[in-house]
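Biologist: Can you put the model up and walk me through it? I am new to this, so please keep it plain.

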Amino acid sequence: MNAAPLVLESLAVARGDRLLFERLQLRVAPGEVLHLQGRNGAGKTSLLEVLAGLRTPEAGRVDGPAPGQLHWLGHKNALHPALSAVENLRYWCGLQAADPAGIGAALDRLQLKAARNRPVRTLSTGQKRRTALARLLLQRRAWWLLDEPLAGLDVDGAALVAGLLAEHCAAGGGAIVTSHQALPEDGLPVRHWRLQ
Amino acid sequence: MNWTWFHRLGSPPTFFRFAEKLAPWLAALALLLIGLAGYAGLFLAPPDYQQGDAFRIIYVHVPTAAISLSIYVLMAVAGAVALIWRMKLAEIAVVSAAPIGASFTAVALITGMLWGKPMWGAYWVWDARLTSELVLFFLYIGVIALNSAFNDPRAAARACAWLALVGVVNVPIVKYSVEWWNSLHQGSTLLSVQAIQKPKMSFDMLWPLLMSLAGFYLLFGAALLRRMQNLLLERERRARWVQDWLGEQN
Amino acid sequence: MSLVRALGSTVGRELRLAARAPAEAAQPLLFYLLVVALFPLGVAPNEPSLPVYAPALVWIAALLASLMTLERVFRNDYEDGTLEQLALAPLPLPLTVAAKLAAHWLLGGLPLVLAAPLLASGLGLDAATGRALTLALLLGTPTLVLLGGFAAALTVGLPRAGVLLPILVLPMLSPVLIFGAGAARAAAQGLDPAAPLYFLAALLALSLTLVPFAAAAALRNALEA
């Protein structure tokens, strides 16, 4: 996986008429995890949305991945409550032209066993988050943009995410992560960066 | 083609100062023309040989009806500019034009009804042009309602711009379908090339009408500029130039 | 190929969701039948002018019934975050929108068309008029769903969208109502209903080509709000 670095040049992002930040310069190389920090309302989610291509910046340039080269995990899980984890992921595979054969292995990896065929509405918050995280394994993509991936996860879950991130970086991928919890740092090339 | 004037006018402070200078003149000229046209229409123009004095309401009805349609087109054009170039001023123009358009449409509807009473014997007749004017009124109400439902003024304006664009495709279809459905109204008195070459109206009746049309257009221009100024102040309240301008006023 | 698969899985998901909640999926049809069945109770028994109003009645009922569930067509996806994944998928968003609306029509529009001959005979329309009415519904209900879907996309993130949606979309639907009921009226008078039916087909072609793009843009705008 030879990912190009992600470069932001004098980026300005607004929500409505409120300017969140401007003249932002940032360069993230593949092989590292950028831990995006900042107070509430600083614009972490908005910045991630700009990187994903969901939001148009007011000014500046993003040299980033195309939508097909990035995984987006928003703070919402993108799971329909009436469908099971497997059905939700199968739909995602159909939409993204991914191979649904990997769903079983991905759910195994996230330690979702018996719950995978129950409607998502009956799952716990952590189980839902694990299902959403399983998408990261269904298709190899260079950049992971994760908004609060640890929300609702227990200690084991957080360690699992750290493990996934470490593997991803070792394989030459990069990630930008917002998180209020500290990311487990052993063996993970984390760079902390604060959004002012 | 030199487009710098376009970009300069697109900058909120420049536009604001420009509108501040222009709007009073437009308003004064509009009132003058409407006043003159009103006088001429009521006292100088001869009574119609069929409709008597009742026809004189056309000096309000026809201009407002014509302008109500052009405001919708203007709103859609501003919407396209707002969506393509992400221009804040165009967003503000879309949102500002809607209530003015709705008011013009309402005036056209009310004067049409008042005219209908002596002509058809009822305030409301399901006549093709009154009906499509009514639909136009609802289309304006839709834009206003959509705009007020959003918290984020920017997303609101962009949604309104899309609604206006889809609406402007719809307007001629509505007009045509309603005409297909029913036709009872007299043909258009004014707005065709042939009518100007060989006017169906006598010139004594026509010139106050043209004058009132110009006056109402200017009135719309003045109202639009003022509304846009107000919205600009509100949306740019955090900007330096608004603080400076408010400082100058006190 | 992957495009076809993506479209297929989008339609398939909508149908599967409807199968999970069949009572909910049947609501528009039930509403439509109830409105039409109640109307004769408001006029005198065996009122001879009932067939005169029947086309308008069936159309108004179809209009309201198809708008009833449209508010929800993108709302779930917006609320659970699926819309973000749809916006980033390789399948262009206008096609996704078209696929979702097609599924919506299959579930909420087609049953109304299929029930129309029954209602037509119940309201005392003759066979030719009933046929014209059914054909008009077949050509007109997809336009209702498309324009309604556009309005649903505009209002997807808003509270009280249920009230706003009809205000936005009903004025735009007046041509469909005019030609749709007009086709049946023409047939009732012994005239050829082809002209209004062609108009309905033209409206469908126009909205099918333009509305998915506008609706997709409105959805993207909602994600940026």
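Modeller: What follows is a short tour of this predicted model.

Biologist: Start with chain B. How many helices and how many strands does chain B have?

Modeller: Chain B has nine helices and zero strands. Read from the N terminus, the elements run α-α-α-α-α-α-α-α-α.

Biologist: What share of chain B is buried?

Modeller: Of the 250 residues in chain B, 49% are buried. The chain exposes about 12500 Å², and carbon and sulfur atoms supply 67% of that.

Biologist: And the contacts in chain B with a separation of 6 or more, what share comes from residues 24 or more positions apart?

Modeller: Those residues account for 77% of them.

Biologist: New topic, salt bridges. How many are there over all chains?

Modeller: A search of the whole structure finds 27.

Biologist: Give me one from chain B. Which residue does Glu91(B) pair with?

Modeller: Glu91(B) forms a salt bridge with Arg154(B), and their closest N and O atoms are 3.2 Å apart. Glu91(B) sits in helix H4 (residues 88-120) of chain B and Arg154(B) in helix H6 (residues 153-181) of chain B, so the bridge ties together parts that are 63 residues apart in sequence.

Biologist: Are those two buried or exposed?

Modeller: Both Glu91(B) and Arg154(B) are buried. They also belong to a network of salt bridges, which links Asp17(A), Glu58(A), Lys88(B), Glu91(B), Arg154(B), Arg235(B) and Glu236(B).

Biologist: Now a pair within one helix. Where do Arg240(B) and Asp244(B) lie?

Modeller: Both are in helix H9 (residues 240-249) of chain B, four residues apart, which is about one turn of the helix. Their side chains meet in a salt bridge at 3.8 Å, N to O.

Biologist: Is Arg240(B) buried or exposed?

Modeller: Arg240(B) is exposed, because its relative accessible area is 62% and exposed means over 50%. Asp244(B) counts as partly exposed, at 38% relative accessibility.

Biologist: What does Asp53(B) bind to in a salt bridge?

Modeller: The partner is Arg56(B), with the closest N and O atoms 3.0 Å apart. Arg56(B) has 13% relative accessibility, so it counts as buried, the cut-off being under 20%.

Biologist: Let's move to helix packing. What do you use to describe two packed helices?

Modeller: The angle between their axes and the distance between the axes.

Biologist: Then at what angle do H6(B) and H11(C) pack?

Modeller: H6(B) and helix H11 (residues 174-188) of chain C pack at about 30 degrees, with their axes 9 Å apart. That angle makes H6(B) roughly parallel to H11(C), and the crossing is left-handed.

Biologist: Which residues of H6(B) and H11(C) make the contact?

Modeller: On H6(B) they include Asn170(B), Ile173(B), Trp180(B) and Trp181(B). On H11(C), Pro175(C), Phe179(C) and Arg185(C) are among them.

Biologist: Does chain A have a pair to look at too?

Modeller: Take helix H4 (residues 125-138) and helix H5 (residues 155-170) of chain A, whose axes come within 12 Å and cross at roughly 15 degrees. H4(A) is therefore roughly parallel to H5(A), and their crossing is left-handed. Arg130(A), Leu133(A) and Leu137(A) of H4(A) make the contact with residues of H5(A), including Leu160(A) and Leu164(A).

Biologist: And in chain C, how far apart are the axes of H7(C) and H9(C)?

Modeller: The axes of helix H7 (residues 93-108) and helix H9 (residues 127-154) of chain C are 10 Å apart, and the packing angle is about 130 degrees. That makes H7(C) oblique to H9(C). H7(C) passes H9(C) in a right-handed crossing. The contact involves Leu101(C), His104(C) and Trp105(C) of H7(C), and on H9(C) Pro142(C) is one of the residues.

Biologist: Back to chain A for a last one. How many residues of H1(A) are buried?

Modeller: Eight of the nine residues in helix H1 (residues 44-52) of chain A are buried, so the helix is mostly covered. Among the buried ones are Lys44(A), Glu49(A) and Leu51(A).

Biologist: What comes just after H1(A)?

Modeller: Gly53(A), which takes a positive phi of about 95 degrees.

Key:
Residues numbered from 1 in each chain as written. Chains lettered and ligands numbered in written order. Predicted model: local features only at pLDDT ≥ 70, side-chain atom pairs only at ≥ 80, totals over all residues. Heavy atoms only, no water. Helix = DSSP H or I, 4+ residues; strand = E, 2+ residues; numbered from the N terminus. Buried < 20%, exposed > 50% of the residue type's maximum accessible area, 1.4 Å probe, protein only. Contact = heavy atoms within 4.5 Å. Areas by Shrake-Rupley, 256 points an atom, 1.4 Å probe, with all protein chains shown as cover. Salt bridge = Lys/Arg side-chain N within 4 Å of Asp/Glu carboxyl O. Axes fitted to C-alpha atoms, helices over the stretch in contact; angles between N-to-C directions. Parallel < 35°, antiparallel > 145°, perpendicular 65-115°, else oblique. Left-handed = near helix turned anticlockwise from the far one by under 90°.
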